[in-house]
Amino acid sequence: MKAVLIRWLGCFAVAVLLAGCGTKAHKQAAEPQAVTPHKDVAVKATVSAALPFPEPKEEQDKSLTPDIVYSILVAELAIQRGDPELAYSHYIYGASLSGDAWAAQQATRIATSMRDVDRSVAAAERWVALAPNSPQARATAVMLYLQAEQLEPAAEHLVAFVKINQALGQDGFIRAVAVVRRSVSQQLGLQAMRRLVDAYPDEQQAHYALALVAVAAKQYAVAENEARGLLDSYPDRARIHILLSTIFNAQGNRVAAEQTLEKALAEEPENRLLLTAYARALMESKKPQRAREQFQKIEQLTPDDPDLLYTLGILSIELRQLADSRVYLQRLIENGRGGRLGDAAYFMGRTYEIEDQPDKAIAWYEQVSSGGYVTEARSRIARLLALSGELDRAREMLQQLRVSMPHHTEALFVAEAELLQELDLHKEVLAFVGEALEQFPESQSLLYLRALSAAPLKQLDLLEQDLTKILLKNPEHADALNALGYTLADQTDRYQEALGYIQKALALQPDAPAILDSMGWVQYRLGNHAEALRYLRQAMEKLPDPEIAAHLGEVLWVLGEREEARKIWKDAVEQHPKERYLLDVLERFGISF
């Protein structure tokens, strides 16, 4: 009962402060509600007989003394007034007077916020002494001792943490993994886990937990050794195969990762865990068709799983199997389960937009009222209206959305700028974004869009100004690096400077078609035609874009490969007959089709 009263004192102190401010919260706090006992108290009351550590004996006198009341009130008031030093000292004193774990917990929290390792550890030890069977107290002690680089006490508390969780019917070893992984030093955390295994040498789950921590610490040889030791004896062999696959994948050996799962699936072809892991591995290897086949096998086992239907719907869009995508998404919507109904409606709209059926796309976008694509759906409606010739209506819609959805204002400014840019209204983009930047002067998205529109208008100073501002805050903004490098290569003779920017962008995104195209173009401008051709072919293979086709055709033409150049240009014109950049290149070379 004393612990409950001490916690109530904390609430009372806050109420006193709020009363002094005359706030609405004062009225609510003035009538104390029933206080729920601290969970350490609840654990003690319900399972004390089963827990591994003896609880401290409670004092006969359970009343609150004036000293206890004073200490807790001063501590709470000190917190509210921003004096953590005073709060810490009074919480620690209050804990020693009352024997209450909550006060020690508060002292630990305050010392941790002050980043005072010594006082944090001292407070945590007091907390553990008062609540020896509290998993939270033990986990905190582990973390703080690891932070203090004191392995022995960290390991002792970790063993205790496992014992307590096991007594409570929980998997203490897996919970220990979660604790240790939060350590600043993964290597020290791994050593603590080794001590845990030493305490439980015959526990398979302890070795499994050690392997998981070794993966996080990038000690892959240790992880693999532990996993292989479990392969023939662990009850759930599928998890060990998945762990081995994870180890191989973390080292970049995707072939071994996939083969491990394939071998496991040969033994258990309907194991959903293995099928899911294999499908994800194929996705990481950029094999969406094969991944989809695995997800379809899972769907046969659990046909109404909303997450699975959603995944298959998205994968089918990526593979341009749009009718199949709609089947999966429609089933998800009809089932009415899961939290992705709004997202499913959005992607239904995307399938129709890709098929150039704007009316059906808009009808689905209008149904998106929840999920992560509400703003995007409205933006796409505006885009489709603009492309159909209703630009004023589209812009009015976006303006109204900025009023009704103020927390999405910046995103809606970006959407309107992108819409204008897509229609090649670059002067309008500069004027519009200039106004938007008055409200969001640090918006990297708006600065980037203005720079992109400055390029075709030959406003190089503005482009450099905006992209440089982005890079000062975000030196690894690959798109800004690429745009600056490409424009310098295309519009100036500052080729070496351009090359530097593009090299940085390519290091960040080595497979990006736009950056590969830029590298090819700067190499061409430097006179390195063979290198230019290599990069441009890679870019074209990844993305058959009309601007890339224009560049590739030009390099081929200069190298004397004129038939291939003509074919590439012709194919591009047939697919993009109004692409201005492509048409300008053809005019420059006197080519017509």
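The place to start is the largest pocket, which has 48 residues along its lining, and Asp-424, His-426, Leu-452, Glu-547 and Glu-579 are the ones nearest its centre. What you're looking at is a predicted model. Beyond that pocket, a search of the whole structure turns up 1 cavity of 30 Å³ or more, along with 14 aromatic pairs and 33 salt bridges. Here's a quick tour, topic by topic.

**The largest pocket**

- The largest pocket holds about 2000 Å³ of space.
- Sort its lining by class and you get 21 nonpolar, 10 polar and 17 charged residues.
- Quite a list of helices each put at least two residues into that lining, including helix 22 (374-387), helix 24 (409-422) and helix 26 (444-454).
- Further along the chain, helix 28 (478-491), helix 30, helix 32 (546-558) and helix 34 (580-588) each supply at least two residues as well.

**The largest cavity**

- The largest cavity has a volume of about 30 Å³.
- Its lining is made up of Asn-249, Arg-254, Ala-257, Glu-258, Ala-281, Glu-284 and Ser-285.
- By class, those lining residues split into 2 nonpolar, 2 polar and 3 charged.
- Two helices, helix 15 (254-267) and helix 16 (272-284), each provide at least two of the lining residues.
- Helix 15 contributes the most, with 3 residues.

**Aromatic rings**

- One ring pair to look up is Tyr-310 with Phe-347: their centres are 6.1 Å apart and their planes sit at 75 degrees, so this pair counts as edge-to-face.
- Tyr-310 belongs to helix 18 (residues 306-318) and Phe-347 to helix 20 (residues 341-354), so the pair ties together parts that are 37 residues apart in sequence.
- Tyr-310 and Phe-347 are both buried.
- They also belong to a bigger group: ring pairs join Tyr-310, Tyr-346, Phe-347, Tyr-365 and Tyr-373 into a cluster.

**Charges over rings**

- Arg-326 has its charged end sitting over the ring of Tyr-352, at 4.3 Å from the ring centre.
- Arg-534 does likewise with Tyr-535, its charged end sitting over the ring at 4.5 Å from the centre.

**Salt bridges**

- Arg-195 and Glu-152 meet through their side chains in a salt bridge, with 2.3 Å from N to O.
- Since Arg-195 is in helix 11 (residues 186-199) and Glu-152 is in helix 9 (residues 151-167), the bridge ties together parts that are 43 residues apart in sequence.
- Arg-195 is partly exposed, at 31% relative accessibility, and Glu-152 is partly exposed too, at 43%.
- Asp-511 pairs up with Lys-286 in another salt bridge, and their closest N and O atoms are 3.7 Å apart.
- This one joins two loops: Asp-511 is between helix 29 (495-508) and helix 30 (513-525), while Lys-286 is between helix 16 and helix 17 (288-301), so the pair ties together parts that are 225 residues apart in sequence.
- Asp-511 counts as partly exposed, at 41% relative accessibility, whereas Lys-286 is exposed, with a relative accessible area of 62%.
- Within helix 20, Arg-350 and Glu-353 are 3 residues apart, about one turn of the helix, and they form a salt bridge whose closest N and O atoms are 3.5 Å apart.
- Arg-350 and Glu-353 are both buried.
- That bridge is part of a network of salt bridges linking Arg-350, Glu-353, Glu-376, Arg-380, Arg-383 and Glu-422.

**Backbone oddities**

- As background, most residues other than glycine have a negative phi.
- Arg-115 isn't a glycine, yet its phi is positive, at about 60 degrees.
- You'll find Arg-115 in the loop between helix 6 (101-113) and helix 7 (117-130), where it counts as exposed at 75% relative accessibility.
- Lys-286, already met in the salt bridge with Asp-511, also has a positive phi, near 60 degrees, without being a glycine.

Note on methods: Residues numbered from 1 in each chain as written. Predicted model: local features only at pLDDT ≥ 70, side-chain atom pairs only at ≥ 80, totals over all residues. Heavy atoms only, no water. 1 Å grid on protein atoms, 1.4 Å probe; cavity = no way out; pocket = protein on both sides within 12 Å on 5 of 7 lines; lining within 4 Å. Points joined across faces, edges and corners; volume = space filled by probe spheres on them. Helix = DSSP H or I, 4+ residues; strand = E, 2+ residues; numbered from the N terminus. Nonpolar A, V, L, I, M, F, W, Y, C, P; charged D, E, K, R; others polar. Phe/Tyr/Trp six-rings, centres within 6.5 Å; stacked < 30°, edge-to-face > 60°. Buried < 20%, exposed > 50% of the residue type's maximum accessible area, 1.4 Å probe, protein only. Lys NZ or Arg CZ within 6 Å of the ring centre and 35° of its normal. Salt bridge = Lys/Arg side-chain N within 4 Å of Asp/Glu carboxyl O.
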